[in-house]
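The questions below ask how certain labels are justified. Each reply sets a value against its definition.

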Amino acid sequence: GHVGVVETIASTAVCGILYSLFAGQPLCIMGATGPEYAYTVVFYSLCKSMDLEFLPARAWQGLWCALFTIILAMTDCCAAMSHF
């Protein structure tokens with residue numbers, strides 16, 4: 001149930017291939033970076049201290065971020081940011 005180096009490389013490869021096929025942008029870098037790794041370590045520690053399973057919590061966190069991204073895109077909040 002843990003996400004290690006092999007799983008990260010495999011998931012990055014699969015996501016990168018699917019992204020390049022469906023988005024038409026094959027040169028985009030789709031890898032885990034330092035800040036993402038640091039966030040994952042902190043999030044894992046938080047889940048461990050709260051007795052939560054990491055992968056389901058990470059999935060819910062991803063869905064929550066996706067929901068906010070869709071809401072921000074549908075309401076055109078980028079245009080509102082030009083006033084600040």
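What follows is a set of questions and answers on this predicted model.

Q: How do you know which parts of the model the values rest on?
A: The model is predicted, so local features need pLDDT of at least 70 and side-chain atom pairs count only at pLDDT 80 or more, while totals for chains, interfaces and linings use all residues. Residues are numbered from 1 along each chain as its sequence is written, and side-chain values use heavy atoms, with hydrogens and water left out.

Q: How many helices and strands are in the protein, and what pattern do they follow?
A: The protein has four helices and zero strands, and the pattern along the sequence is α-α-α-α. Helices (H or I, at least four residues) and strands (E, at least two) are DSSP runs, numbered from the N terminus.

Q: Why is the protein called more spread out than a compact globule?
A: Its radius of gyration is 16 Å, well over the 12 Å that the globule rule gives for 84 residues, so the protein is more spread out than a compact globule. The radius is taken over C-alpha atoms, and the rule is 2.2 Å times the number of residues to the power 0.38. Along the principal axes, the C-alpha atoms fill a box of roughly 40 × 35 × 20 Å.

Q: What share of the residues is buried?
A: Buried residues make up 6% of the 84 residues. Buried means under 20% relative accessible area, exposed over 50%, and partly exposed in between (1.4 Å probe, protein chains only). The accessible surface comes to about 7100 Å², with 74% of it belonging to carbon and sulfur atoms; such areas come from the Shrake-Rupley method with a 1.4 Å probe, and for residues only the protein chains shown count as cover.

Q: How do you know that α3 has the span expected of its 21 residues?
A: The expected span is 1.5 Å times one less than the number of residues. For α3 this rule gives 30 Å, and the end C-alpha atoms are 30 Å apart, so the two agree.

Q: How do α1 and α2 compare with their expected spans?
A: α1 has 19 residues and reaches 26 Å between its end C-alpha atoms, close to the expected 27 Å. α2, with 16 residues, reaches 23 Å, close to the expected 22 Å.

Q: What follows α1?
A: Glycine 24 follows α1, with a positive phi near 70 degrees.

Q: What makes aspartate 51 stand out, and is it buried or exposed?
A: Aspartate 51 is not a glycine, although its phi is positive, about 55 degrees. This residue sits in the loop between α2 (34-49) and α3 (54-74). Its relative accessibility is 73%, so aspartate 51 counts as exposed.

Q: Why is aspartate 76 called partly exposed?
A: Its relative accessibility is 48%, so aspartate 76 counts as partly exposed. Aspartate 76 lies in the loop between α3 and α4 (77-81) and has a positive phi of about 55 degrees without being a glycine.

Q: What makes the nonpolar surface patch?
A: Val14, Ile17, Leu18, Leu21 and Phe22 make a patch of about 560 Å². Patch residues have over 30% relative accessible area and no salt bridge; like charges are joined within 9 Å, and nonpolar side chains (Val, Leu, Ile, Met, Phe, Trp, Tyr) within 5 Å. A salt bridge is a side-chain nitrogen of Lys or Arg within 4 Å of a carboxyl oxygen of Asp or Glu. Isoleucine 17 is found in helix α1 (residues 5-23).

Q: Why is cysteine 65 not counted in a disulfide?
A: A disulfide is a pair of cysteine sulfur atoms within 2.5 Å. The closest cysteine sulfur to that of cysteine 65 is in cysteine 47, 13 Å away, so the pair is too far for a bond. Cysteine 65 is partly exposed, at 39% relative accessible area.

Q: Why is cysteine 78 not bonded to cysteine 77?
A: The sulfur of cysteine 77 is the closest to that of cysteine 78, but the distance is 7.5 Å, so they are too far for a bond. Cysteine 78 is exposed, with 68% relative accessible area. The structure holds zero disulfides.

Q: Is tyrosine 37 buried or exposed, and how does tyrosine 44 rate?
A: Tyrosine 37, in helix α2, counts as exposed at 58% relative accessibility. Tyrosine 44 also lies in helix α2, and is partly exposed at 32%. The C-alpha atoms of tyrosine 44 and arginine 58 are separated by 8.8 Å, with the two residues 14 apart along the chain.
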